[in-house]
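Visitor: I have a few questions about how the labels on this model are earned. Could you take me through them?

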Amino acid sequence: MRKAERLFQILNLLRNRRTVLTARQIAEQLAVSERTVYRDIQALSLSGVPIEGEAGVGYRLQRQFDLPPLMFDRDEVEALLLGARMIRAWSDRQLAAAASSALNKILAVLPPQLRELEETSAIKVPDYQQQLSVSVHSEQIRAAIRSQEKIAIDYEDAQAQLSHRSVLPLGLFFWGATWTLVGWCELRLAYRAFRLDRIRRFELLAENFACHASCSLDHYLALQRQRYDEHMTNANDSLGTHPGD
């Protein structure tokens, strides 16, 4: 990657970030050394770009600094088309409408040769197989996550056993054919994942909750990453191999 391209990519990574981005993170994104990132950050600063931060801590653009709108290349447009089509095919009506609206705004500012990808792109996401039960209650759940409001559900497990749960909704995950709600279950006093198509009754409770260090989506994801790493380590040990052998 040429230096001019790297500088552009660094600006793109830093724009609209509320938290700092470390030199190591930037280096991993661009497949260069941290020393190269330090030099590029210095070059941007000397050219007048207001970058806050320092080596060893992290960097971000000053909030009042505004970059001109970015133009997309062909691969980026196809990636956006794919994402929008997946949302339209496999999410609730509200999110699907939002994806279509956002895509139309993007297409409106593209040059003709890129705008025509909406019709000519060979990357398709068929939606004739979609079942509405896959995303049932998705709109209400997303609203509850945003407002941090407890919910009550009647849930049917894989053995067709029904249970009543009070849940702190934390996040929604899509697994290719199913959506799951991840939340803190007050019945089990632990994180649980619930398939949306197995929720038989849904109710918003007039009670808000606050996330904290041991009850949040970030904490849940960290635990899953730890369990995955432990599983892979045990699997490699059982085979008598180690990563990189």
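Guide: Start with disulfides. In this predicted model, the count comes to zero.

Visitor: How do you know that cysteine 211 has no disulfide?

Guide: Check the sulfur distance. The closest cysteine sulfur belongs to cysteine 215, and it is 5.9 Å from that of cysteine 211. A disulfide needs two cysteine sulfur atoms within 2.5 Å. So 5.9 Å is too far for a bond.

Visitor: Why is cysteine 215 not bonded either?

Guide: For cysteine 215, the closest cysteine sulfur is in cysteine 211, at 5.9 Å, so this is too far for a bond.

Visitor: Is cysteine 215 buried or exposed, and what makes it so?

Guide: The relative accessible area of cysteine 215 is 4%. Buried means under 20%. Therefore cysteine 215 is called buried.

Visitor: And what is the label for cysteine 211?

Guide: Partly exposed, because its relative accessible area is 34%. That label covers values between the 20% and 50% cut-offs.

Visitor: On to the sheet. In what order do the strands stand?

Guide: The order is S6-S5-S4-S3-S7, five strands in an open sheet with antiparallel pairing.

Visitor: Why are S6 and S7 said to stand at the edges?

Guide: Strand S6 (190-195) and strand S7 (199-208) each have a single partner strand, so one side of each lacks a neighbour in the sheet. On average, neighbouring strands here are turned by 45 degrees against each other, direction ignored.

Visitor: How do you know that S5 and S6 pair?

Guide: Count bridges. Pairing takes at least two. Strand S5 (residues 179-185) is joined to S6 by six, and the two run antiparallel. One of the links puts cysteine 185 opposite alanine 190 in S6.

Visitor: What makes S4 and S5 a pair?

Guide: Seven bridges, in the antiparallel sense. Leucine 168 has tryptophan 184 in S5 as its bridge partner. These strands form a hairpin with four residues between them, and glycine 176 in the turn has a positive phi of about 95 degrees.

Visitor: How many bridges pair S3 with S4?

Guide: Six, again antiparallel. Tyrosine 155 is bridged to serine 163 in S4. Five residues lie between the strands of this hairpin, and alanine 160 takes a positive phi near 65 degrees.

Visitor: Which strands does helix H8 lie across?

Guide: Helix H8 (residues 138-147) lies across strand S3 (149-156), strand S4 (162-174), S5 and S7. The helix runs at about 80 degrees to S4.

Methods. Residues are numbered from 1 along each chain as its sequence is written. This is a predicted model: local features need pLDDT of at least 70, side-chain atom pairs count only at pLDDT 80 or more; totals for chains, interfaces and linings use all residues. Side-chain values use heavy atoms; hydrogens and water are left out. Axes are lines fitted to C-alpha atoms, for helices over the stretch in contact, and angles run from 0 to 180 degrees between N-to-C directions. Contact means heavy atoms within 4.5 Å. Buried means under 20% relative accessible area, exposed over 50%, partly exposed in between (1.4 Å probe, protein chains only).
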